[in-house]
Amino acid sequence: MWQRLRGLVGRAYRRHLRREIDDVPDHVAVIQDGNRRYARERGDDAPDGHRAGADTTERVLDWCADLGVSELTLYAFSTENFERPDEELEPLFDLLEGKLREFADADRVHEQGVRVRAIGDVPRLPPRVRDAVEYAERRTAENDRFTLNVALAYGGRTELLDAARAIARDVDAGEMAPEDVDVETVESRLYDRPIRDVDLIVRTGGDERTSNFLPWHANGNEAAVYFCAPYWPEFSEADFLRAIRTYESREESWQRARAERAAALVRALAEVEFAEARSAAVRLRDRVPRLDGTHLSDDALGGAEGDSVGPVDGDSAGPVDGDATDSPGAD
């Protein structure tokens, strides 16, 4: 009875959250934290937590498809994860290999038009995982409705450092001038980069840090960030919808701030223009010959020096309506 009632309440709450969401991010990135802690608290081994987390990943893909998110990046395995003991790494590599192949062959993946891409220092991975990456990318290469980026052997600082070194080599070889280095130059040397900048980062497991994840695409785009307590295997659709709502609230706040700044700029420019026009009128009055023994009146020149500043040509400039160590990844 209580289980059924709780299910009804949960469905009602999810419908309420969905009704509140109007603006959906194009690109969501997830730090899947808490797999090992989830397993430990249940008396299981770390690989059991990773397997439970893989099930959550499949559900998140369905939620993205339902909402219209176009791209999802998962922090599956960081460069720091290589430091974990072999008895944990080997089962994790087995899981990555199996899930990549399973996903690449799944009918719903091709029905939903999902394209799989790996980002990171993939050559550092064991051969069997590299082969699975190549298989998944090849099998889904023609899909173009949704992009799933799997961050494997990924480290944000390493990514930027490698890009900087590649550019430095090109400059040293005379293949480009320093002044020609721009945003596109850097992006072309990052790991097979995500198509879009990141709009929203979600981190599970309770830690409030982004752990060197996509610094160029997320921090550079000032992505919204949503931290939540549930471990990754416990991450629910309601948690995901709350994350989306956080992104939407931040976008609305940005729009208000941008509109207010624009309005203030327009008012300031109007004041400057009016003051300069008034000053020019005064100078002109001093130089105009007398007419009938008097100077031109202030009214004839468009306003006296003491007149108050107001909108120009009837325009108003009000606000525009409109409205956010455990290594990540395989933890």
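Buried means under 20% relative accessible area and exposed means over 50%, with partly exposed in between. Keep those cut-offs in hand for this tour of a predicted model.

**Stop 1: D207**

Select D207. Its relative accessibility is 23%, so D207 counts as partly exposed, falling between the two cut-offs. D207 sits in the loop between β5 (200-203) and α9 (215-219). Now show its surroundings. Beyond neighbours within four places in sequence, D207 is in contact with D33 and F227. Next, pick C228. From D207 to C228 is 21 residues in sequence and 7.9 Å in space, C-alpha to C-alpha. C228 has a relative accessible area of 8%, so C228 is buried.

**Stop 2: L214, in the loop of D207**

Stay between β5 and α9 and select L214, which lies in that loop. At 0% relative accessibility, L214 is buried. Check its backbone: phi is near 50 degrees, a positive value in a residue other than glycine. Most residues other than glycine have a negative phi.

Jump to A153 in strand β4. Phi of A153 is also positive, near 50 degrees. A153 has a relative accessible area of 0%, so it too is buried.

**Stop 3: the whole chain**

Zoom out. The protein chain has ten helices and six strands. It has 331 residues, and 42% of them count as buried. The accessible surface comes to about 18,000 Å², with 47% of that belonging to carbon and sulfur atoms.

**Stop 4: the cores**

In soluble globular proteins, nonpolar side chains tend to be buried together. Which residues touch the most other members of the largest nonpolar core? Select V28, L72, L148, L152, L200 and F240; the core itself has 49 residues. Then colour helix α4 (residues 86-105), which gives the most to this core, with seven residues.

Centre on L148. Not counting residues up to four places away in sequence, L148 touches L61, L72, L74, F103, V114, R115, V116 and R117. Another core, of 13 residues, lies apart from the largest one. Among its members are I31, A151, F213 and L214. L214 is the buried loop residue from Stop 2.

**Stop 5: aromatic rings**

Show the rings of Phe, Tyr and Trp. The count comes to nine aromatic pairs. Start with Y75 and Y154, whose ring centres are 5.8 Å apart with 85 degrees between the planes, an edge-to-face pair. Y75 lies in strand β2 (residues 71-78) and Y154 in strand β4 (residues 146-154), so this pair ties together parts 79 residues apart in sequence. Both Y75 and Y154 are buried.

Now select F77 and F82. Their ring centres are 5.0 Å apart and their planes are at 85 degrees, so this pair is edge-to-face. F77 has a relative accessible area of 0%, so F77 is buried.

Next, select W63, W232, F235 and F240: ring pairs link them into a cluster. F240 also appeared in Stop 4, in the largest nonpolar core.

Finish the rings with R101 and Y135. R101 lies over the face of Y135, at 5.2 Å from the ring centre.

**Stop 6: cysteines**

A disulfide is a covalent bond between the sulfur atoms of two cysteines. How many disulfides does a search of the whole structure find? The search finds zero. Select C64 to end the tour. At 0% relative accessibility, C64 counts as buried.

Notes: Residues numbered from 1 in each chain as written. Predicted model: local features only at pLDDT ≥ 70, side-chain atom pairs only at ≥ 80, totals over all residues. Heavy atoms only, no water. Disulfide = S-S within 2.5 Å. Buried < 20%, exposed > 50% of the residue type's maximum accessible area, 1.4 Å probe, protein only. Phe/Tyr/Trp six-rings, centres within 6.5 Å; stacked < 30°, edge-to-face > 60°. Helix = DSSP H or I, 4+ residues; strand = E, 2+ residues; numbered from the N terminus. Lys NZ or Arg CZ within 6 Å of the ring centre and 35° of its normal. Areas by Shrake-Rupley, 256 points an atom, 1.4 Å probe, with all protein chains shown as cover. Core = buried A, V, L, I, M, F, W, Y, C linked by side-chain atoms within 4.5 Å. Contact = heavy atoms within 4.5 Å.
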